[in-house]
Amino acid sequence: MSSITPLVQSVDWLALAPPTLTAAVALVVLVADLFLPVARKPLLGWIATAGLALAALLLLPLLGGDRRTFCLPAHPDVCSYVADPFALVIQFLVLGGALLTALLSIDTVKDQGLPTGEYWFLLLSSAAGAALLPASRDLATLVIALEVASLPAFALVGLRRGDRLSSEAALKFFLSSVAATAVMLLGVSFLYAATGSLHLSRVAHALTALPDPRLATLASAGVALTLVGFAFKTAAAPFHFWVPDTYVGAPLPIAGYLSVVGKAVGFSGLILVTVQGFPSYADVWGPALAVLAALTMTVGNVAAVRQDPRRAHSAVRLLAWSSVGQAGYLLVPIAAAGYTRDPAHAIGSTVAYALMYAAVNLGAFAVAALVARTSPANRITDYRGLYARRPLAALAMGFFLLCLAGLPPGIIGLFAKVTVFSVAVDAGLAWLAVIMAVNVVIALYYYLKWTTVLFRGAEAVPGAAPAEQQPPRAGIPAPLATAIALATVLGIALSGAPQLVLRFASGALL
């Protein structure tokens, strides 16, 4: 009698705990919303925040291990979910970013009258998908995780009912993301047809020796389409057109969430498919990503310089274009991985830069949310004299902007940029390193210009009484103050001990 391969396998629930708990809390919040009276609805925000904090703590038992689950019975090393160091670091970034977003959102939900249960359910659902993605090791799970992270984000962007900017932003975000998903799914289907597998390790092995030239052509098309799909998700130029309007139309906490967690999702997926799925096509995706990196950082920084500080929402637009420029820097080590024999070390620089960027960029959005409470138009000129009104907030914002610029006292920003620059030089991409250096200088202009605005005296308004010269000062809500304080403390700690982050750049995470 022939043996039957068992279809039931054990599941490592501890490895799955962070994204699973996040999804479970999302369901709890959704159900609780049906029974809580209106006066008690703010409790849902604290439940969501506590759930994200607990999910992040569940990463601690996984440190130092390489846990796998959903593996093929005959091949225990071929798995769909792997909690390795790369996955854990990105999950920490995702859950930490979602936690700061939750703190920013508690008062935003109340002040803007957003539907409470729906907001927290969508945010937690998106965070669950984002936490699942870096541990995914087959193309099907990657696509599903990417869509679980993206689909709730569409609704979050357009959740301000009756707001034209919000509706337009959600529509642009939705159409661009759907187009990216369609292209990516077509590429995945081509790869499956050519290799007969969806697991990244098996796809990588099959791509090295395709027996039929027609299959090789199909596989090449699949690789190209999959990379184009992820380029949309990372907001790489020329697939970045949705970013400024989406950030302006979204609630400010969601704009910050997209700039950090959304990018972490796109870049971790791009790293997995290139380094683990398509290493034999490094001579194709390496140069392509290098060109994308150069184009993305240049487009983002030049557009940021051109922002009119008097235009409505110019502060958020500048942060949006800045995030496009920062995406170009994040692409550099991934491109360099295509030119080196040890790509696992190269992508560590992307992870190190992403950790720095996440802390300080969410901090900048937190201060922007504070300013928006008294100046809803959120112009850069509204930050004039912020030091006189709120000295601690102005100092924090100045520190965040200097970190993004890579200037002292934002030492972590400087070290992260030097790390990315050195990776490009070591990989023989001197031309890309030069373009990056030029873009860093361009970015200095608008970061320093905004920083100086914080410490200037408030502009006089002709005919206004002295008391009317400045926006009215209101108290800072405790959750918002906590988010700003956490981001500031984290940025200062990383600047004081940059090795906490930069050690990822010297080690192999995959």
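**Close-up views of the predicted model**

Arg-214 is exposed, its relative accessible area being 66%. This residue belongs to a predicted model, and the legends below describe the whole chain and then selected local features.

**Figure 1. Overall view of the protein chain in the predicted model.** The protein chain contains 19 helices and 2 strands. Its 510 residues have a radius of gyration of 23 Å, which agrees with the value near 24 Å for a compact globule. Along the principal axes, the C-alpha atoms fill a box of roughly 95 × 60 × 40 Å. Of the 510 residues, 57% are buried. Among contacts with a separation of 6 or more, 79% are accounted for by residues 24 or more positions apart. The exposed area of the chain is about 19900 Å², of which carbon and sulfur atoms supply 69%.

**Figure 2. The salt bridge between Asp-212 and Arg-214.** The side chains of these two residues meet at 3.0 Å, N to O. Asp-212 is partly exposed, because its relative accessibility is 22% and the buried class is limited to values under 20%. Arg-214, at 66%, is exposed. The structure holds 12 salt bridges. Side chains of opposite charge can pair when their charged atoms come close. In the chain, 29 side chains are positive and 21 are negative, and the centres of the two sets lie 7 Å apart.

**Figure 3. The salt bridge between Asp-33 and Lys-41.** The closest N and O atoms of this pair are 2.6 Å apart. Asp-33 counts as buried, with a relative accessibility of 14%. Lys-41 is also buried, at 15%.

**Figure 4. The salt bridge between Glu-168 and Arg-164 in helix H6.** Helix H6 spans residues 164-195, and the two partners lie 4 residues apart within it, about one turn of the helix. Their closest N and O atoms are separated by 3.2 Å. Glu-168 counts as partly exposed at 31% relative accessibility, whereas Arg-164 is exposed at 58%. Both residues take part in a network of salt bridges that also links Lys-172, Asp-245 and Arg-317.

**Figure 5. The loop between helices H8 and H9, with Ala-235 and Pro-238.** Helix H8 covers residues 213-233 and helix H9 covers residues 243-249. Ala-235 lies in this loop and has a positive phi of about 60°, although it is not a glycine. Ala-235 is buried, with a relative accessible area of 1%. Pro-238 is found in the loop as well, and a cis peptide bond with omega of about 10° joins Ala-237 to Pro-238. Most residues other than glycine have a negative phi, and most peptide bonds are trans.

**Figure 6. The cis peptide bond from Pro-408 to Pro-409.** Omega for this bond is near 5°. Pro-409 is located in the loop that runs between helix H15, residues 391-405, and helix H16, residues 411-426.

**Figure 7. His-313 in the loop between helices H11 and H12.** Helix H11 comprises residues 282-305 and helix H12 comprises residues 314-337. His-313 is not a glycine, yet its phi is positive, at about 65°. With a relative accessible area of 23%, His-313 is partly exposed.

Conventions:
Residues are numbered from 1 along each chain as its sequence is written. This is a predicted model: local features need pLDDT of at least 70, side-chain atom pairs count only at pLDDT 80 or more; totals for chains, interfaces and linings use all residues. Side-chain values use heavy atoms; hydrogens and water are left out. The radius of gyration is taken over C-alpha atoms; the globule rule is 2.2 Å times the number of residues to the power 0.38. Buried means under 20% relative accessible area, exposed over 50%, partly exposed in between (1.4 Å probe, protein chains only). Contact means heavy atoms within 4.5 Å. Accessible areas come from the Shrake-Rupley method with a 1.4 Å probe; for residues, only the protein chains shown count as cover. Lys and Arg count as positive and Asp and Glu as negative; His and the chain ends are not counted. The place of a charge is taken as NZ of Lys, CZ of Arg, CG of Asp or CD of Glu. A salt bridge is a side-chain nitrogen of Lys or Arg within 4 Å of a carboxyl oxygen of Asp or Glu.
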